[in-house]
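Subject: Structure for you to look through

Dear colleague,

I am handing over a structure that I would like you to read through at your own pace. Please open it first, and then come back to the notes underneath.

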Amino acid sequence: MTHTLRLALWGLGFLLVIALPARAQKTVHRAAPSASVASAAANCNLGAATADLDIGRVRAQVYNMGGLFWRGGGAIYEAPYDARNATAEPNALFAAGLWVSGEVDGAPRFAGSTYGNWEFWPGPLDATGETTASRCASFDKIWRVSVRDLAAYGRSGITAQTNPDLLSWPIAQGAPYFVDTNGNDRRDASEPRIALGPGDAGYSLTLGGGAVLDLAAGERPDLVGDQAAWWVMNDNGNLHNWSGSQPLGIEVQVLAYGFTTPDVAVSTATVYEYTIHNRGTNTIIDSRVSLWSDPDIGNFGDDYVGSDAARGMGFAYNADEDDEGAGGYGAFTPAIGIDLLSSAAGTIAFTNNGGVTGDPSVEDDRRVAAWLAQQSLWKDGEPITRGGDGYNPGSSDVTTWAFDGDPLGFEFWTEEQPVVGEPQREAGDRRIVVNAPALTLAPGESRQVDVAILFAAGARARTRLASVSRLRDISDAVQAAYDADGTRGIRDASVTYGAAPARPDRPTLVSPANGTDFETTQPASVTFEWTAVPGAAAYVLDFGNGTEYTVAAPATSLTLDAATQLPQGEAQTRWGVRAVNWGGESRTSFPFTYTYNIYNPSVLLLSNGSPAFVEVVGPGGADPCGPDAGSTFGCSEVGGNAIFSSFNGTGDYIGTAVGAGPEVSLADFAPNDYEIRFTAAGSYAYYPFTTGVAIWVPFEVWDIGVTAPGAINDPLDDVQMIPNLFPDSGVECTFDYQDPTVFGIGETTQRIYAYYPVGDYATWAAAIAPVIAADPNQCPTDPATAAASNEIDFSRGRPLQRFKLEQAGAEISGLTGTVIRFYTTDPTPLVAPSLARAEALRVATHPNPVTTTATVPYTLAEAGPVRLRVVDVLGREVAVLADGLQAAGDHSATLDATGLAAGVYVLVLDADGQRTSQSITVVR
């Protein structure tokens, strides 16, 4: 009889742990240049000036190249900020940047960026929209002045301590100022702002030339807030390497400011006035101005975003009540808002996963992709439509606002309920672009866009959604002040907060009834039901192992697909429900349990993308998936008798011996294949991890060398191995073969490990046979076994090979004659490694985790062909670092990770007729 078994390579329970600094640092991929780049004559250097807005309860670092808060290294948008605290505070924003586009001569042009190749340079443009390298260099500066500087001047006049930025406030180039007629150092309603431009007396393109601020005559910088920074930049100073666009010919003057006021929310806000001047000779049709942002709320990996169309605001908040990690806010989960005070037209939200809904990347025409995003359109021109991530071609539910529903009610369309009746979206690292309306700019015309960045945290109701509620209240107060008196009114805004609702009571569970057993019925889906609770906005179905689903009220049930949504690999599952609203959540209901063992494996792939697989052949040599098979369980599934991933919940693969990921684990087995042969003679095995006893077992383990799938094995290269056992059931004196439940969960056959003997298996068997025979229970004492096991070499240079038998449903009998073959061979086999060269071949990565680039040193024992490559977790080749003949000795390659998505990869070195590999991680 032929028996189809499911057998998988089984390895050490390996958990990949990434060692990060004390504060987890997000790493980004610096933007690679676009494929086509326009020419530019000025050849300006990128601005290097920086300044901190740090007078209130926020510290924001600004730059003069179009980006904000991050330009490599750590981000600086600390909120709430305490200048007396020497320890850095969490960051509520990672990065932001100005995007400007428009149509010129019928084609879009763009200036902006994300994480590098910024497309603004220091200084003003002349009347034809041009600049020079020397002018750019002279304006590589940010002027920063505070009301304290003005007060100090008022008390003592000009002294050695007077802020030089106050004395040189560049009014000749457009920095705003006013005449302080009443001496209070602030611009009042009766004191108009003055800003010089081309054609005005005193205006100059030369820094230090033209008009100067006359402090003695009462002229003061218009700080708007209590501290302000001003700079001027342009988009025509050099190549647009990020977008590949022709320049627009714009000059941008920026006034950024913060506050110190009795209202905590206002003093934890910053405001940015962007004044865009068309200095070129072309009309810019439908000029679009946006603020792109990467709004990390402390820990960057657990965020949600949303839009508030009525308030003209995009916002981000934590997806759960714990912003974990060294850089997180902990249980203090705030929200951050990007509020376009001067009018907004929409938003668009990106992931960092690539594709049509991901960040504009080097694979895209970023000029067009960003221009479309500024119109709330995806890269392919599709509009945002409500549902899921917003990309639903063919849907008519069009919007220009990403996730524009109300998260406080867990409503559609939000990340709380992306599809009606379905659970929350998986949290992650988000981007959001907030767009101003289109406006045509003729040569010489200007437009101003005012952006407030608002920070909120729930007070007494310290919940993530209470922070969103308070963010709305802050936005309302700031917008009302702005509408009444422009930006100068913001400082006097006072926020009134709405009261949080009372926490709801706990629900009562209804079905499935406590103790329900689904093992015999195996339903395709399970419906969970509970009682309604007054005041609940939603219910959280909690399985107690980190798996949760949120359902908006008034629904009081949720149906989950058994194969994809229920927790897997648990003999008995505990579940409960808690009621929530934005004021808090109830205690979890008294829990129920049910039994439904589920395991949905994924196929383990070789480096070429084909599956590693298992073939089980009975005594007659029948096809295990053919018409004569005793059981064809698994044959019709994807991969057939493939080697599957682990169900242990760690994300490892069955077959991992050292390292993580398919290439690393298979590299410990490949290029050789293996067989477990059930024979009448059997072999000897022992228990090295527990008592050290040895027993007879009804099988043999063989390394059969390199065997192409379907080919006949060459017995001349077969090597018999020494089986090692681990007592899964605790019984050691006999080989413990059980009839396991589906996919090996429950009572399972013992794991089978195997070592290579120092000499050969026959020598070891001859030494251990009399020891086993001398024991009447065939379970010898430790000392005798220890002496015999000295014949096993633990440092031979090959890793311990590990297997596990798993039956896939059918009862097994008559194993003698059955052969289980493990195919791990790549279609292009490698020469079996020699032990001496295995010690010499080495590869490493520094640093690891990788941010942008890393050094990859490697050592060759002898000259010959070398191929050094990077593969992803699916085995797909994503980069080749070396390929060709190389001399013996030490070598080094460079890994450029800027084009790789964040995640785990494997560095694979094929040389000296062997393969070695190392797991590497690209983090963001």
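What follows is a description of a disulfide, two helices and a sheet.

Please keep in mind throughout that this is a predicted model.

I begin with the disulfide, since a general point helps here: a disulfide is a covalent bond between the sulfur atoms of two cysteines. The structure holds 1 disulfide, and the two residues that form it are Cys44 and Cys136, whose sulfur atoms lie 2.1 Å apart. The link of Cys44 and Cys136 is right-handed, with 65 degrees about the S-S bond. Cys44 sits in the loop between strand S1 (6-9) and strand S2 (50-53), while Cys136 belongs to helix H1 (residues 133-138), so the pair ties together parts that are 92 residues apart in sequence. If you ask whether these cysteines are buried or exposed, the cut-off to remember is that buried means under 20% relative accessible area. Cys44 has a relative accessibility of 3% and therefore counts as buried, and Cys136, with a relative accessible area of 2%, is buried too.

Next comes helix H6, which covers residues 464-485. Its 22 residues should span 32 Å at 1.5 Å a residue, and the C-alpha atoms at its ends are 32 Å apart, which agrees with that expectation. Because 17 of the 22 residues of H6 are buried, the helix is largely enclosed by the rest of the structure. After H6 comes Gly486, which has a positive phi, near 70 degrees.

Helix H8 (residues 761-773) can be looked at in a similar way: from its first C-alpha to its last it reaches 18 Å, close to the 18 Å expected for its 13 residues at 1.5 Å a residue. At the N-terminal end of H8, Asp760 acts as a cap, with a side-chain oxygen 3.3 Å from the backbone nitrogen of Ala762. Further along H8, a kink of about 30 degrees lies at Ala767, shortly before the proline Pro770. The buried residues of H8 are Tyr761, Trp764, Ala765, Ile768 and Ile772.

Finally, there is an open sheet of 3 strands, which has the order S23-S25-S28 and antiparallel pairing. Strand S23 (509-511) and strand S28 (557-561) are its edge strands, each of which pairs on one side only. On average, and with direction ignored, neighbouring strands of this sheet are turned by 25 degrees against each other. S23 pairs with strand S25 (residues 525-530) over 2 bridges, and the bridge partner of Leu509 in S25 is Trp530.

With best wishes

Definitions and conventions. Residues numbered from 1 in each chain as written. Predicted model: local features only at pLDDT ≥ 70, side-chain atom pairs only at ≥ 80, totals over all residues. Heavy atoms only, no water. Helix = DSSP H or I, 4+ residues; strand = E, 2+ residues; numbered from the N terminus. Expected span 1.5 Å × (residues − 1). Buried < 20%, exposed > 50% of the residue type's maximum accessible area, 1.4 Å probe, protein only. Disulfide = S-S within 2.5 Å. Pairing = 2+ DSSP bridges. Axes fitted to C-alpha atoms, helices over the stretch in contact; angles between N-to-C directions. Bend = angle between axes of the 7 residues up to and from the residue. Polar contact = N/O pair within 3.5 Å; in protein donor to acceptor, adjacent residues only side chain to side chain.
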